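Hi,

Here is the structure I promised to pass on. Have a look at it first, and my notes follow below.

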Amino acid sequence: MTKIAPRTDAFGAAYDHPWTRKRTTFEREAIGMSAALPWQAAGAVATTDDRVRLAEHESVVAARDVTRRYGSGDTAVDALRGVSLDVREGELVAVMGPSGSGKSTLMHILAGLDVASGGAVEIAGRDVTKMSDNELTKLRREHIGFVFQFFNLLPMLTAEENITLPLRIAGKKVDAAWLETVLAQVGLGDRRRHRPAELSGGQQQRVAIARALLSRPTVLFGDEPTGNLDSTTSGEILEVLRAAVESYGQTTIMVTHDARAAAIADRILFLADGVIVRELNGATQDQVLDALREVSAR
Ligand code: ADP
């Protein structure tokens, strides 16, 4: 049998990279590995004093005055300095901002992977600041889907096996009809038995999106989902993400540097220095770029 050589084209890095580096908690969780490493929440203190009653409306993610301080004393870094937001069911929200503005920190906190130092967060109507680690893991399994820049597929498994893996690890039954729907939705029906090395970057990202959608997550989080794709493929992946919003009302929160990606969002939040400084209700790529320039110049 011919051994398939690693791809060396423009996507080469995409094939090799995920297997030679340490995975983030997001990534570990999405492929069914144990999620939180105990030391990752060290230093995070959830305060209860300023807790407020959140989401008395249809928000599926709500944050109030969220702060996150890393470290203490002279070397403390305030990554978030009071962020409040509501994401409605069926909404696609993009989060943009200069490097170091707090995007990743915010996403980790909204996904229940990190704990705020202050303020309050509700996911699917539940106050995550009151949850134990086990409850958080369960909440993530049931309510959160992830799509990453580097697709994080297991190379020895077929597309379909990768897609069903998290559910199988969680001991849940795979809904065969829903699997077919999702495969058709992402356009992978004829590639289901291929392994990642036999798929293009765009096809691998389709597999990752299908994997996230299969559990019918309350919220799908995208971490630079087009960051490792060429322009044409990015466009196709953005269409798939937008179609999931249109077809299933899939609530989606996406951190991105890509103005084109942000332009498919219903709402774009701009972070600078740990606070939301600007918000656009839908925008063209040019408007996104203008806003980003303005925010970065602050
Ligand atoms: P972005 O995703 O917008 O680039 P981050 O959320 O990664 O921003 O980081 C926000 C700030 O918090 C930055 O100043 C960064 O250096 C700091 N930071 C992030 N993670 C840690 C950490 N684990 N320890 C200390 N500082 C951190």
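**Helix packing and the sheet**

Helix 6 and helix 7 cross in the right-handed sense (that is, the near helix is turned clockwise from the far one by less than a right angle; anticlockwise would be left-handed). Before going on: this is a predicted model, where local features need pLDDT of at least 70, side-chain atom pairs count only at pLDDT 80 or more, and totals for chains, interfaces and linings use all residues. Residues are numbered from 1 along each chain as its sequence is written.

Helix 6 covers residues 176-186, and its angle to helix 7 is about 145°, with the axes 9 Å apart. Axes here are lines fitted to C-alpha atoms, for helices over the stretch in contact, and angles run from 0 to 180 degrees between N-to-C directions. Helices (H or I, at least four residues) and strands (E, at least two) are DSSP runs, numbered from the N terminus.

From helix 6, the contact uses Trp178, Leu179, Val182, Leu183 and Val186; helix 7 brings Arg206, Ile209, Ala210, Leu213 and Leu214. Contact means C-beta atoms, placed from the backbone, within 7 Å.

Leu213 deserves a click. It sits in helix 7 (residues 201-214) and is buried, with 26 other C-beta atoms within 10 Å. The cut-offs: buried is 20 or more other C-beta atoms within 10 Å of the residue's own, exposed is 12 or fewer, partly exposed is in between, and C-beta atoms are placed from the backbone. Leaving out residues up to four places away in sequence, Leu213 touches Gly145, Val182, Ala244 and Gln250. Gln250 is 37 residues from Leu213 in sequence, yet the C-alpha to C-alpha distance is 8.5 Å.

Now the sheet. It is open, with six strands in the order 6-7-8-3-9-10 and mixed pairing (strands pair if DSSP finds at least two bridges between them). Strand 6 (144-147) and strand 10 (275-280) are the edges, each pairing on one side only. Helix 7 lies across strand 6 and strand 7, at about 175° to strand 6.

Strand 8 (residues 252-255) has Thr252 and Met254 pointing one way and Ile253 and Val255 the other, and all are buried. Strand 8 pairs in the parallel sense over four bridges with strand 3 (residues 92-96), where Val93 stands opposite Ile253. Strand 7 (residues 219-223) is also parallel to strand 8, over four bridges, and Leu220 has Thr252 as its bridge partner. By contrast, strand 9 (residues 267-272) and strand 10 run antiparallel, joined by five bridges.

Cheers

Conventions. Two residues are in contact if their C-beta atoms, placed from the backbone, lie within 7 Å.
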